[in-house]
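This report describes how selected helices and strands are arranged in one protein model.

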Amino acid sequence: MSRAGRSPSTLLLRPGIADGYYPERPVDVPSWLQKMGHTLQGFVQGSAATKRKARQIVDAVDQYGKPLEKLSAARLAETAGALRTQLHQRGLTDDLTCQAFALIREVAGRTVMMRHFDNQLIGGWHMLQGHLVEMETGEGKTLTAVLTAATAALAGIPVHVVTVNDYLVVRDVELMGPVYRALGLRVAAVTADLDEPARRGGYGCDIAYCTNKQLAFDYLRDRILLGSDQRRLRLQLERLHDQNARSSRLFLRGLCFAIIDEADSVLVDEARTPLIISRKKNKAEEALIFGQAMELAAGLADQTHFSVDHNERQVKINEQGSARLAETAPPLGSVWKSARQREELVRQALCARYLYTRDRHYLVHEGAVKIIDENTGRVMADRSWERGLHQMIEIKENCELSGQQEQLARMTYQRFFRRYLRLAGMTGTAREVRRELWSIYKLPVKQVPTHKPVRRRADGHRVYPDKASKWRAVVERIRERRAEQRPVLVGTRSVEDSELLSSLLAEEGIEHQVLNARQDAREAEIIAGAGAQGSITVATNMAGRGTDIPLAAGVAERGGLHVICTERNEAGRIDRQLFGRCGRQGDPGSYESLLCLEDEILFHTMNSPLRTVLKLALRTEGRSSQMIALAAMRLAQKGRERRYLRMRRDLLQMDEQLGRMLAFSGKLE
């Protein structure tokens, strides 16, 4: 950014004659030399000294902010209008950015009674540069994003603020809407329950809050509408001469600037699954085939005809299994005569039987199979597994078949978000995946200091020999903390585990609340009371993302919120998200892990004899056995992280190859 004059980069971030009415970053395939340069640039970005620059920004904002404190609301609105004109003409220069931050901070203090702290100014400035900021849980990322979004919108740049679910979309717009409106900006919440005209109108506002899934699917719908003819001049001529021009039916105004909340969840955890727009096919014939596949799978024996790899989440049919299918399948119909096709169908059926568990990977609600997001614990209502897996799980659970989907368009999150002209993000946990974020999205990670010193205390981590002893220990620890009148949040990996612990607490007469995919509609209500004296909340990971647990009066003096982790997650980042529920904004708090050798992450990686020996050692209460068990847990978790990284890279590579093939053939995604 330059201090004076016009900022060309800003002008290219908004729709118009210069860059078309649907601007987005062109898809390119870098050479090996460009990739090497990109890697070196990442090291420079990561080591660049920005603290001095950030301090200068804070000092300048303070200087510009002092005269604003004396202005009336009407004069502030006039100041916002004049600043908007300057930003349109000159772009996001440093001095205008500081003026905008000062104005936004003053307006926020008056409208929503929240005034930005210095660390939030630093975070907002970094995001305006296209960085991903790591801010401790509870440091006010929602308020920080307002600085970046409002400044960019005042400069005429359409802004998408992306978060992980519709609840947070609506909450953030309701909370921060008064700030935007006082600045003369239009803001909207784009959710899945809106019809097409309403979604189109929402994206037409200066700032649109939306989920990553809704945004990406609406972009794919735009791609289908545009077809292979996306010439800029053609679209402009259509706007002039055709009342039903394609541009008037588009959802988005291009991919200009996105600010992603919980960025590691969106850009990393959810990047393993491609986005697919599809339509339902005729399901009558499929019902018969999938039913036959499940019957054939039931006739195969584990270890004799196939093997299940829980760690890699796949099933391998061996030679005996292939021979068995060759003997039993062909008489069922022509589809079963192809060895490759019948083995793929039966493999999916075996996956449905052995790899996907009710109340862990999915739940059955009102006669339908609903996928549970393993990272957040929330239901993904309109998501389905592909290649017949979803329908086979429906057969397994005696649900009505939903019908397989015919693919119309496909894209990965990696490929989608790289098309934004500018991308920024914020999260509490990014340092573990900073290299991946830079190599794929060109997003440098910047850590922002906390407003107050962190007072979160680790109470240690302990491994038990089996689940029964672990749950007994969890109940006992809850009883101890409850006697101290401290609130307790217990994190579980699955709906099944949360309900098991709930039943154990009920047997002991301990009052508590449960928050999992079955209670997601009451999430705000449950979380609001989770910081009360002596309250007990049993939750899946959905209580670890985007929610704030306020402490009731007197709780801080008793030690604050206590968090218990009952099972390691797929990535250490997600564990940190759970621990971050306590000790927010300088409050006291504590956390601990109570684990066992039968936890899923370790059960499928440690062989049975070694587990037996370690179980005996743990029963002796030896310190060395605890150290070995915790080390094994860490190794298993690191192994999962490496596997998922490989899956994301393979998916991106496949997506890029598909993109090159389609581009060569003149087709779109």
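## Helix packing and sheet order

Helices α5 and α6 are oblique to each other, therefore neither roughly parallel (under 35 degrees), roughly antiparallel (over 145) nor roughly perpendicular (65 to 115). Their axes, lines fitted to C-alpha atoms over the stretch in contact, with angles from 0 to 180 degrees between N-to-C directions, come within 12 Å and cross at roughly 135 degrees. The crossing of α5 and α6 is right-handed, that is, the near helix is turned clockwise from the far one by less than a right angle. In contact (heavy atoms within 4.5 Å), Thr97, Phe101 and Arg105 of α5 meet Asp118, Leu121, Gly124, Trp125 and Leu128 of α6.

The model is predicted: local features need pLDDT of at least 70, side-chain atom pairs count only at pLDDT 80 or more, and totals for chains, interfaces and linings use all residues. Residues are numbered from 1 along each chain as its sequence is written, and side-chain values use heavy atoms, without hydrogens and water.

Seven strands form an open sheet with parallel pairing, in the order β3-β4-β2-β5-β13-β1-β14; two strands pair if DSSP finds at least two bridges between them. Helices (H or I, at least four residues) and strands (E, at least two) are DSSP runs numbered from the N terminus. The edge strands, each pairing on one side only, are β3 and β14. From one strand to the next, the twist averages 20 degrees. Strands β1 and β14 pair over three bridges, and Glu134 has Gln447 in β14 as its bridge partner.

Helix α7 (residues 141–154) lies across four strands listed below, running at about 180 degrees to β5.

| Strand | Residues |
|---|---|
| β2 | 159–163 |
| β4 | 207–211 |
| β5 | 257–261 |
| β13 | 422–427 |
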